[in-house]
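This report introduces selected features of one protein structure to a reader who has not met it before. The sequence and the structure are shown first, and the description follows under short headings.

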Amino acid sequence: MTPDSCWSDLRDAAQVLKSRHLSELLGDDNRFDALTFEHDGLLLDLSRQRLLPETLDQLVALADACQLKQKIDDLISGEPVNCTEGRAALHTALRTPAGKSLSVNGEDIIAGVQSTLAKMEALVATLHSGQWRGYSGEAIDTVVNIGVGGSDLGPLMTCRALSDFKPKAAQGIELHFVSSMDGSQLSGLLSRLNPATTLFVLSSKSFTTIDTLANAATARQWLVDASGLDSDVILRHHFIGITAQPEKAGEWGIPSQNQLLFWDWTGGRYSMWSAIGLPIAISIGMEGFRRLLAGAHSIDTHFHQAPLRENLPVLLALVGIWNINLLDIHAHAILPYDGRLAHLPAYLEQLEMESNGKSVRLDGSATEGHTCPVLWGEIGPNAQHAFYQLLHQGTESVMCDFIVPAKRYTDRGQELQQQHRLALANCLAQARVLALGDKALADDSADAAPPWKRYRGNQPSTVILLDELTPYALGQLIAMYEHKVYTQAVIWGINPFDQWGVELGKKMATAMLDELDNPDRSASLDSATRGLLLRINTLREQA
Ligand code: F6P
């Protein structure tokens with residue numbers, strides 16, 4: 001079959017299914033068994049999606065026609081799948097266990113990955129044992145990660161998600177994340193941290209990101225002022241650089257012994273598995289970090305080897321394709337029912353929208369249909385009190401991902417266990433009401449309700465059930481989303497590994513800095529920007 005004939009079959013199927021309500025589809029008692037998939041403890045429940053098991057067959061036929069199997073092989077074997085930048089995207093290699101090998105351009109990259117892990121391990125051990133000392137000889141007890149986008153969101157999300165997994169040695173180390181270019185987070189921290197015991201981790205793949213370099217310069221000056229010492233001494237004791245550009249880090253002043261390196265073939269938003277994950281390793285220990293990698297590797301192997309019809313990331317992607325391209329749904333809510341996953345929506349916003357927010361295909365032609373939807377989210381129970389109104393009674397169709405662990409607080413008190421039961425009950429109830437609407441009620445009482453108390457239902461959702469939220473399970477979850485993104489990119493024919501869309505804004509901002517200080521140079525700008533520049537400068541002069 002060709003992709004065109006598959007799309008045509010799918011359009012016919014969608015025509016029929018658009019007129020069927022989820023309450024009708026869920027009347028089939030076999031539906032849960034037919035539409036639930038499991039791998040290594042991770043459960044993907046697609047039974048509240050507006051499709052039939054045979055729809056998945058048709059979607060898999062589309063994936064086959066798009067040569068997905070071959071494209072997965074290309075990804076994992078190091079082919080230059082990032083074609084606009086002429087390089088591989090080998091985040092899977094970062095979690096490949098020691099003892100294996102993968103040669104890319106004549107180099108065994110697994111050996112390089114393992115040697116960086118060993119360097120991270122040594123660094124974490126030095127910190128955990130109190131042997132990394134600041135300028136006064138005191139042990140470092142505070143680590144501040146400075147980075148943005150992929151150099152911030154993954155480590156931040158993971159450290160918060162796995163905060164229950166801190167080994168004893170890590171408990172004496174406070175960890176902070178600073179990303180915003182305006183200095184908001186940093187200024188608050190600098191007024192209360194002890195410079196003598198604070199270590200900054202500068203995380204930047206390119207080592208050119210102005211947000212990170214501006215925060216780093218402020219932090220360096222703070223230390224120089226507090227210590228009265230030369231910048232060189234401060235940089236040796238208080239700065240680690242994590243980058244794919246060692247020369248640039250060196251020029252900035254990070255000595256080579258304080259550098260942890262990763263590679264060009266690691267995309268920024270796919271980099272938490274590399275040295276960028278150092279804050280994670282500091283927080284949960286190297287053993288925990290290796291469990292995270294092992295969970296991701298389990299999904300990599302599954303993605304590479306499992307038949308497409310049983311392949312969790314592929315199915316998650318195909319259901320997205322169905323909703324976006326066949327049912328015309330262009331909003332996607334990420335709803336974790338576990339407060340530890342508070343930063344997961346922001347992480348996935350970058351992963352999905354920076355990867356697949358594209359409208360040009362690999363051959364330069366325009367994409368025919370929609371690609372990545374608008375994706376946002378919040379801890380589910382909090383979102384219930386904020387934007388669920390729109391999910392239940394608004395005019396937009398929204399697809400939702402509910403993410404929840406079955407077990408939590410197993411070694412804690414009854415009260416906390418009861419709170420988790422509450423979260424579980426809410427998760428199940430919301431998924432049910434979104435699907436069934438009024439029909440969730442056991443009787444017909446809704447029929448007599450006024451229109452503003454009616455629920456139309458038919459909002460599709462996926463439930464991702466973890467056994468427990470552990471480093472291993474989180475690794476699985478994130479790798480599943482990464483491969484979902486790749487699968488969708490293959491079907492849309494786009495490159496998920498570049499981000500040219502963010503470049504122009506950066507260039508323009510650099511020029512604008514000059515115009516902000518020299519308004520007389522703004523004549524060539526548009527009238528809206530000129531107007532604001534004038535207004536800002538008047539206000540600044542009055543200050
Ligand atoms: O501006 C977008 C981006 O390039 C992201 O892709 C990346 O994760 C982030 O900036 C940070 O980049 P870097 O790690 O090079 O500082």
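## Packing of helix 1

The buried residues of helix 1 pack against four other helices: helix 2 (22-25), helix 4 (53-65), helix 14 (312-326) and helix 19 (471-492). This description rests on a predicted model.

## Two sides of helix 1

Helix 1 comprises residues 3-17, a run of 15 residues. Its first and last C-alpha atoms are 21 Å apart, close to the 21 Å expected at 1.5 Å a residue. Within this helix, the buried residues are Cys6, Trp7, Leu10, Ala13, Ala14 and Leu17. These buried residues lie on the same side of helix 1, because the arc they cover around the axis is only 125 degrees.

The face turned away from that buried side carries exposed residues, namely Asp4, Asp12, Gln15 and Val16.

## Gln15 and Leu326

Gln15 is located in helix 1. Its relative accessibility is 56%, and the residue therefore counts as exposed, since the term applies to values over 50%.

Gln15 can also be set beside a residue from another part of the sequence. Although 311 residues separate Gln15 from Leu326 along the sequence, their C-alpha atoms are 8.6 Å apart in space.

## Helix 19

Helix 19, one of the elements against which the buried residues of helix 1 pack, has 22 residues. At 1.5 Å a residue, helix 19 should span 32 Å, and the distance of 32 Å between its end C-alpha atoms agrees with this. Helix 19 is mostly covered, with 22 of its 22 residues buried.

Just after helix 19 comes Gly493, which takes a positive phi of about 70 degrees.

## Surroundings of the ligand

There are 13 residues around the ligand. Those that come nearest are Gly150, Ser151, Ser204, Ser206 and Thr209.

Three side chains may be described in detail by their distances to oxygen atoms of the ligand. In the side chain of Ser151, an N or O atom is 2.6 Å from an oxygen atom of the ligand. For Lys506, the distance from a polar side-chain atom to an oxygen atom of the ligand is 3.1 Å. For Gln350, an N or O atom of the side chain is 3.2 Å from a ligand oxygen atom. On its own, the ligand has 400 Å² of accessible area, of which the protein covers 88%.

Definitions and conventions. Residues numbered from 1 in each chain as written. Predicted model: local features only at pLDDT ≥ 70, side-chain atom pairs only at ≥ 80, totals over all residues. Heavy atoms only, no water. Helix = DSSP H or I, 4+ residues; strand = E, 2+ residues; numbered from the N terminus. Expected span 1.5 Å × (residues − 1). Buried < 20%, exposed > 50% of the residue type's maximum accessible area, 1.4 Å probe, protein only. Arc of directions from axis to C-beta. Contact = heavy atoms within 4.5 Å. Near = heavy atom within 4 Å. Polar contact = N/O pair within 3.5 Å; in protein donor to acceptor, adjacent residues only side chain to side chain. Areas by Shrake-Rupley, 256 points an atom, 1.4 Å probe, with all protein chains shown as cover.
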